[in-house]
Amino acid sequence: MSWFIGWGGAALVAGAAYYKKSLTLSGMLAAMVMGTVYYGAGNVFWFGILLVFFITSTLLSKWKGHKKTVLEQGYEKSSRRDAGQVWANGGLGMMLCLAHYIWPHPAWIYAFLGVMGSVTADTWATELGGLSKKAPRSILTGRQVLPGTSGGISFLGSMALVAGALIIGIMAPLLAALSSATFPADGWVWVLAGLLGGTVGAFTDSLLGATLQRMYQCSACGREVEVPIHCGVAGVRIRGWSWMSNDAVNGLSSIAGGIVALLIGLIMA
C-alpha cells in the first residue's frame with residue numbers, strides 16, 4: 001500500500017510542478033518515479049526530506065524570477081528542471097533509500113542527509129545568491145567575477161547555502177519523529193550531519209564549477225557561460241573536462257557532502 005500512496009503523492013506534487021512550469025515532461029516523469037520509491041521503500045521521513053528540497057527550491061526559483069532571466073541564459077540548465085536535473089539532485093538519495101530498505105543501517109541515513117543537504121544548499125545559494133547586489137568573487141582567487149559565473153560566491157549566496165543545509169538537518173529528526181512517533185536519540189547528530197555535510201557539498205560544487213566544469217566563452221558578448229550557444233552564436237570552449245556537465249558537478253558534490261555527513265554520524269553518534 002505504501003508504494004501506491006507514494007505514487008499518488010508523487011504524481012500530485014510532480015503534476016502540479018509541471019502545470020506551474022517548474023518541471024519539464026521528462027522531469028515530471030522522473031520525479032514521479034523518484035517520489036514513489038522514496039515513500040514506498042522509505043516512509044514519511046525519506047519522502048518528506050525530498051519534499052523539503054523540492055518545494056523550497058521551486059519557490060525560490062520563482063521568487064523574483066524576472067531578475068534572474070539574464071543569468072539563466074548562461075546556465076546549462078534553467079529553473080524548469082528536466083529529468084537530468086531531477087536525477088542529479090535526487091537520484092543518489094533514492095539509491096540510499098533503497099539501500100536502507102534492503103539493509104537498514106544508520107549509515108545510510110547520515111549519508112542521505114549530507115546528500116540532500118548538499119543539493120538543497122547549492123540550490124538555495126544559486127537562487128538567492130543571484131539576487132545579491134554585490135558582485136560575486138571567485139572561490140579560487142577571491143577576485144570579482146560577473147554574476148552567474150561558475151565558481152563565483154557571494155556573502156548572500158553563502159548565507160543561503162548554510163541556511164539550506166541547516167533546514168535539511170533540522171527537518172530530519174522532526175520528520176523521523178512524525179513517521180515513527182519517537183524523536184531519534186541522535187537527532188542532534190542528524191542536524192549536524194545535514195548542516196556540515198550540506199555546506200561542504202555545496203562549496204565543493206562551487207570549487208568544481210571553478211575548475212573542472214566545462215565552460216565556454218561567448219563569441220559575441222565575451223561572457224564565460226555553461227552553454228555552447230549564447231547570444232545566438234557558438235562559443236569557444238575555454239576550460240573543463242568534456243564530460244563534466246552541470247549535472248555531473250551536482251552529482252559529485254552531493255557525494256562529497258554525503259561522505260562528510262557519514263563520517264560525522266559514525267564518529268559522533
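When the directions of two helices differ by an angle under 35 degrees, the pair counts as roughly parallel, and over 145 degrees it counts as roughly antiparallel. Keep that in mind as we walk through this predicted model, starting with a pair of helices that shows the idea well.

Helix 1 and helix 3 pack with their axes 12 Å apart, at an angle of about 5 degrees. That angle falls under 35 degrees, and therefore helix 1 and helix 3 are roughly parallel to each other. If you look for the residues that bring them together, you will find G9, A10, V13 and A17 on the helix 1 side, meeting F47, L51 and F54 of helix 3. Sorted by class, the contact of helix 1 with helix 3 contains 6 nonpolar residues, 1 polar residue and no charged ones.

Now turn to helix 5, which has two packing partners to look at here. One is helix 6: the axes of helix 5 and helix 6 come within 9 Å and cross at roughly 170 degrees. An angle over 145 degrees is the cut-off that matters here, so helix 5 and helix 6 are roughly antiparallel to each other. From helix 5, the residues N89, L92, G93, L96, A99 and H100 take part, and they meet W108, I109, A111, F112, V115, M116 and V119 of helix 6. By class, this contact of helix 5 with helix 6 has 10 nonpolar, 3 polar and no charged residues.

The other partner is helix 9, which spans residues 246-268. Here the axes of helix 5 and helix 9 come within 9 Å and cross at roughly 10 degrees, which makes helix 5 roughly parallel to helix 9. On the helix 5 side you can pick out G84, Q85, A88, N89 and L92, and they meet D247, N250, G251, S254 and I255 in helix 9. The make-up of the contact between helix 5 and helix 9 is 3 nonpolar, 6 polar and 1 charged residues. Notice that N89 and L92 of helix 5 appear both in the contact with helix 6 and in the contact with helix 9.

Let us move on to the nonpolar cores. In soluble globular proteins, nonpolar side chains tend to be buried together. In this model, the largest nonpolar core has 40 residues, and Y38, F45, F112 and M116 touch the most other members. Helices 1, 2, 3, 5, 6, 7 and 8 each give two or more residues to this core, with the largest share, 9 residues, coming from helix 2. Which residues does F45 contact, leaving aside its neighbours within four places in sequence? They are I109, F112, L113, A172, L175, A176, S179 and W190. Apart from the largest core lies another one, of 5 residues, including A125, L161, A165 and A202.

A few single residues are worth a visit too. G151 sits in the loop between strand 1 and strand 2. Is G151 buried or exposed? Its relative accessibility is 9%, so G151 counts as buried. G151 and G209 are 58 residues apart in sequence, but their C-alpha atoms are 4.8 Å apart in space. Leaving aside neighbours within four places in sequence, G151 is in contact with R137, S138, I139, S206, G209 and A210. Another glycine, G187, is found in helix 8 and is buried, with a relative accessible area of 2%.

I238 makes a nice contrast. I238 lies in strand 7 and is partly exposed, with a relative accessible area of 39%. I238 and S180 are also 58 residues apart in sequence, yet their C-alpha atoms are 52 Å apart. Not counting residues up to four places away in sequence, I238 touches M215, Y216, Q217 and E224.

Two loop residues have a positive phi although neither is glycine. K21, between helix 1 and helix 2, has a phi near 65 degrees and is exposed, with a relative accessible area of 53%. C231, between strand 5 and strand 6, has a phi near 60 degrees and is partly exposed at 48%.

Finally, how confident is the prediction? The protein averages a pLDDT of 89, and 94% of the residues score at least 70. Among its elements, helix 8 has the highest mean pLDDT, 96, and helix 4 (residues 69-72) the lowest, 54. Where pLDDT is low, the predicted coordinates should not be read in detail.

Notes. Residues numbered from 1 in each chain as written. Predicted model: local features only at pLDDT ≥ 70, side-chain atom pairs only at ≥ 80, totals over all residues. Heavy atoms only, no water. pLDDT = per-residue confidence, 0-100. Helix = DSSP H or I, 4+ residues; strand = E, 2+ residues; numbered from the N terminus. Core = buried A, V, L, I, M, F, W, Y, C linked by side-chain atoms within 4.5 Å. Buried < 20%, exposed > 50% of the residue type's maximum accessible area, 1.4 Å probe, protein only. Contact = heavy atoms within 4.5 Å. Axes fitted to C-alpha atoms, helices over the stretch in contact; angles between N-to-C directions. Parallel < 35°, antiparallel > 145°, perpendicular 65-115°, else oblique. Nonpolar A, V, L, I, M, F, W, Y, C, P; charged D, E, K, R; others polar.
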